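Could you walk me through this structure in plain words, with the overall build first and the odd spots of the backbone afterwards?

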Amino acid sequence: MAGQGIGSRVQRKEDVRYLHGRGSFVSDMMLPGQSEVAFLRSPIAHGRIRRIVKPAGSEDAVFVRADLASVKPIVAPSTLPTYKLSGQHPLAHGKVRFVGEAVAMCVARTRAAAEDIAERVEIDIEELPPLVDAHAARADRSVRVHDDWDDNLFLTINYENGFEAKAKEAAVVVRRQISLARQAMVPLEGKAVLAHWDDRADQLIVYSSTQTPHIIRVGISQMLGLDEGQVRVISPDVGGGFGYKCVLQPEELCIAWLAHKFRRPFRYVEDRREHLVAGANSRQHHYALTAYADEKGHLLALDAEVTVDGGAYSMWPFTIGLEPGQATGNLPGPYDFRGYRCRTFCVATNKPGFLPYRGVARTGVCFAMELTMDAIARAVGREPWEVRHDNLVAAEAMPYNNVSRKHFDSGDYRKSLLLAKEKIGFTAWRARQRDGLPDSRRIGIGFATYCEQSAHGTSVFAAWGLPLVPGYDQATVRLTADGGLELRAGVHSHGQGMETTLAQIAHEVLGIDLAKIRVILGDTGQTPYSTGTYASRSIVMAGGAVANACKTLLPRFVAIGAHLMQCAVASARFADGQVVGPQRAVLLRDIAEAWYLRPERLPPDVDMGGLEATVGFRPKVDTGVFSYASHAAIVAVDTEVGHIEILDYVIVEDCGTMVNPMVVDGQTMGGAAQGIGTAIYEESPYDANGQPLASTFADYLLPGPTEVPSFRIYHLETPSPYTEFGIKGMGEGGAIAPPATIFNAVNDALRPLGVELAETPLTPRRLLEALSRAKAPTAIGGKAA
Amino acid sequence: MKAAIFDYVRPRDLAEAARLLADAKGGAKLLAGGQSLGPMLNLRLARPRLLVDVARLGELRGIEARDSAWRIGGGVTHAQIEDAAGRLPGAEVLCAVAAGIAYRAVRNRGTIGGSLAHADPAADWPLALAALGADIEICGISGARTVAADRFMKGAFTVDLAEDEVVAAVSVPKLSGGARWGYYKFCRKTGEFPEASAAALFDAERRSARVFIGALSGAPQRIPALAAAIAERGAAACTREATEAAVTAAAPDLDVIDRRMHAAVLLRALQQVVRA
Ligand SMILES: Cc1cc2nc3c(=O)[nH]c(=O)nc-3n(C[C@H](O)[C@H](O)[C@H](O)COP(=O)(O)OP(=O)(O)OC[C@H]3O[C@@H](n4cnc5c(N)ncnc54)[C@H](O)[C@@H]3O)c2cc1C
């Protein structure tokens, strides 16, 4: 049992079933009498629905908005100033607002037959001018995504703190325009939902591939007008979430409605084309930045205009305010400066509504800030790592309140950068760069550093006035009669390995063998309430709750154990998984046996709470704890065809105390692979009519095994002062820095050619276009005004 | 994304396949590896009434040596050709080309005949076989005929094939000892169709060369002027300027970026050929 607790690289409990193909996903499920559902989706980006004609003979198998009259539209209010409401109906109502919006649903015994029916539904839509570009949509009030608004702005945020005074002191001013393409999240498994009515339980049972079963239960009960007790949501194995599945989906409402109305099972499984079209909902930001620095490159002030292409609808419950809010708040990054001004526009367009993708806004802000940091270095003629280093918040300054009032709890940001520089072999690569590669490709070295607010608590979300504010988390632990442990938490695990890491935390406190700890997640019928798994929160919040719940049992164990040993309670203590008395010790198995099977052996005043406890956790400071990392990459750029090869990639990360370093590595690698996707491959382009141009993997490229380098990962471990065991969240971090790192490396390589790129993804065409635009080799130096 | 309804038959031989195709009068499609047709069915871009599955037809599966050529059945998979490395003297190039198609899972099923018939402008076989001067054997209800590979593809996804005809085999001339080939494609990632591709064959003794570029809007294009120059002058003819000019002449509709990419790719294919 040695080496199973916090800090151990134990293998993941869940991998046995996954590696043997024995996971159970919604797509694997088949209930008697189950029907399959296909959605008919809008082929038009913006239009007014004139008529929907159900096909003759199949009228009963087709449903439109009017048929679901009892279902409320999804409306996500927020108290943020200027925020406007957008109602998203389960099926389009009045207007269609993006290509891929569900207009009708068709039901049949098989999916193919349901698609046959969908083909025969006639829809007549009066086309309206589509709003495809966020800047144009912001400027144009004559055409509006939501007719009852007077412009196309979901939300505008103005933030100012000490800007004018600091900017005045600057010797160097650097301006950049930086943008990120729209992306889909592309989990291995898309949306999937199966619902049926259970007469015995008098309940609607909804199996959904979701990160947040409890809030989906709240949502379904609210929108369908059912008692919460009548709804149970089970999230079985989930093939990746990434934020795509942390909100209430219109499809979930539709399937739940069908099952409730017809009292039999219905299932919908999103296909890849639906995902790429109706799920193109993340990352698209534009930044216009002006950085003010001294002659050494110390950042004094930052002026920013951020535009988020919000798409058509604001999601429930987190609202679209999340993205511009996070962008505004996190743009200053890990840096120590005191002047900041930011105007952020979240614009409604005729695209799928923005969802919070792994890294939420921070991939964008890191990209913008880190490219700007390199630009400052060039403007003052210093090495980018050096200028970055000097601007990072120093370890001595922790805890540190930054210019956007974020509270950084702990860490040594500079050390991570210096270690990354050492591990990547910076000096040797600079020398090789001078000599050049034999095949005439250009070498570049790039760095990026970020810090990441993880596990935000109530005060952060409450400030946005969300319809549902996340707060505490709870866990239930129960010692079973044979001395095993059942552990229940309301978060979910879809790749994060939480069936293992939560068990490791319980083991740390109780010493029970991991093989005897069962972790039960993802079922509102079996677990205490939690808002779920997102925002790098679960290991901090649910992990903290598991620790607290386990600790609650300890005095009960000692009381029973002391009685069994016939010694005074004060003379017994819990150690190494047993209760130790003056003469001997009793095992947890003996205590469990006494409680469940031989109660006559229990002390007369035994705690009637028994061997089971549900206890919550909230961090001491609940504004979030900050993980951070520095990434370093070496790239080779083929300027003839525009190809980029990543020759080496180093990550130095610090997520506080690591519960399982192998799981941290895995999360970091997966995130970084997605970051490489953002940097080089992934893009959901639209034409002028709002038609998506990447609807299959032939057009939407993802990095594959040959495009993802072998990341070399190093860890620092600075505990958070505010959480149980000093753990910080780390699920998202890997995805944040790669675009910035890779672009900085490519720009480093191309600097002698006068080329600087600042628009994702770095396609061969973008690279070659920039090369052919480049005029004089000195153009870059001249850009700094 | 499920296919519309269709019937499915697995014919006993090529003659029956041809007859089934003829009887369906355009309503049938051959199914080989399904690597191109599968997605088209699921996207409902192809909606045949009948699928004629020839994937297991023995007549299409052989690789045989003839006097001066290798005859490869239309149903031979990319993987089988890849795995024949070391056993195809005079046609090693085929193994190299096959190994570069998609990734192994696709190569295990995808066939050379299916690839030629599908005629994706960026596909490997139409380009490679054109450069190698291969012939395509076609079989239909009224008999067999042969077409040169560089004339078989008429344009994007269009080939010289009647409704009842099947690609039975390709016949690839064995290269002479002194012949050198070059094949280069630029893909954004492993397994993707290329952005630009080029194939070249150069026989220094016979002073002959064939040069083609692919991944254009239509069929691979022959680059006769450059081929002649290389046959004459060898490495001296391989310059960036020459490939730019050749690409511009062969594919005038390319924009400046595509031209640049194709010229670079063509140059790299040529450099493989002329390298001492
Ligand atoms: C992810 C992916 C990546 C790919 N990358 C590449 C690549 O890099 N390079 C490349 O060249 N190809 C690539 N392909 C295509 C692949 O090579 C296919 O195998 C090929 O295009 C079609 O062969 P098939 O046997 O699968 O034909 P099928 O898909 O079964 O059929 C394709 C078409 O050809 C017809 N057909 C099939 N066999 C015959 C025959 N014997 N006679 C007449 N008509 C016939 C069918 O009716 C159909 O119209 C890729 C495919 C995928 C899925």
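Here is a short tour of chain B, its contact with chain A, and some backbone details. Please keep in mind that this is a predicted model.

**Chain B as a whole**

Chain B is built from 11 helices and 14 strands. Along the principal axes, its C-alpha atoms fill a box of roughly 55 × 45 × 30 Å. How does its radius of gyration fit with that of a compact globule? For 276 residues, such a globule would come out near 19 Å, and chain B has 19 Å, so the two agree.

Of these 276 residues, 55% count as buried. Looking at contacts between residues at least 6 apart in the sequence of chain B, 60% join residues at least 24 apart. The exposed area of chain B is about 11,900 Å², and carbon and sulfur atoms supply 51% of it. Chain B carries 35 positive and 30 negative charges, and the mean positions of the two sets are 4 Å apart.

**Where chain B meets chain A**

Which residues of chain B lose the most area to chain A? First, the contact itself: 22 residues of chain B and 32 residues of chain A take part. Together the chains bury about 2,300 Å², with 51% of that coming from carbon and sulfur atoms. On the chain B side, Met1(B), Arg188(B) and Arg260(B) lose the most, together giving 31% of what that side buries.

**A covered helix in chain B**

Helix H1 of chain B spans residues 14–24 and is mostly covered, with 8 of its 11 residues buried. The buried set consists of Leu14(B), Glu16(B), Ala17(B), Ala18(B), Leu20(B), Leu21(B), Ala22(B) and Ala24(B). An α-helix has 3.6 residues a turn, so residues three or four places apart point the same way. What do the buried residues of H1(B) pack against? Their partners in chain B are strand E1 (7–9), strand E2 (28–31), E3, strand E6 (135–140) and strand E10 (166–173). Just after H1(B) comes Lys25(B), which takes a positive phi of about 50°.

**Backbone details to look at**

Most residues other than glycine have a negative phi, and most peptide bonds are trans. The table lists some places that depart from this pattern.

| Site | Feature | Value |
|---|---|---|
| Trp316(A) to Pro317(A) | cis peptide bond | omega near 5° |
| Thr760(A) to Pro761(A) | cis peptide bond | omega near -15° |
| Asp202(A) | positive phi | phi near 55° |
| Arg44(B) | positive phi | phi near 60° |

Where do these residues sit? Pro317(A) is placed in the loop between strand E16 (299–311) and helix H8 (322–330) of chain A. Pro761(A) belongs to the loop that runs between helix H18 (738–750) and helix H19 (764–773) of chain A.

Asp202(A) is in the loop between strand E10 (192–198) and strand E11 (203–208) of chain A. Is Asp202(A) partly exposed or buried? Its relative accessibility is 40%, so Asp202(A) counts as partly exposed.

Arg44(B) lies in the loop between helix H2 (37–42) and strand E3 (50–53) of chain B. With a relative accessible area of 10%, Arg44(B) is buried, because the cut-off for buried is under 20%. The strand that follows this loop, E3, is also one of the elements that the buried residues of H1(B) pack against.

Technical notes
Residues are numbered from 1 along each chain as its sequence is written. Chains are lettered from A and ligands numbered from 1 in the order in which they are written. This is a predicted model: local features need pLDDT of at least 70, side-chain atom pairs count only at pLDDT 80 or more; totals for chains, interfaces and linings use all residues. Side-chain values use heavy atoms; hydrogens and water are left out. Helices (H or I, at least four residues) and strands (E, at least two) are DSSP runs, numbered from the N terminus. The radius of gyration is taken over C-alpha atoms; the globule rule is 2.2 Å times the number of residues to the power 0.38. Buried means under 20% relative accessible area, exposed over 50%, partly exposed in between (1.4 Å probe, protein chains only). Contact means heavy atoms within 4.5 Å. Accessible areas come from the Shrake-Rupley method with a 1.4 Å probe; for residues, only the protein chains shown count as cover. Lys and Arg count as positive and Asp and Glu as negative; His and the chain ends are not counted. The place of a charge is taken as NZ of Lys, CZ of Arg, CG of Asp or CD of Glu. Buried area is the accessible area (1.4 Å probe) that two parts lose on being put together, summed over both.
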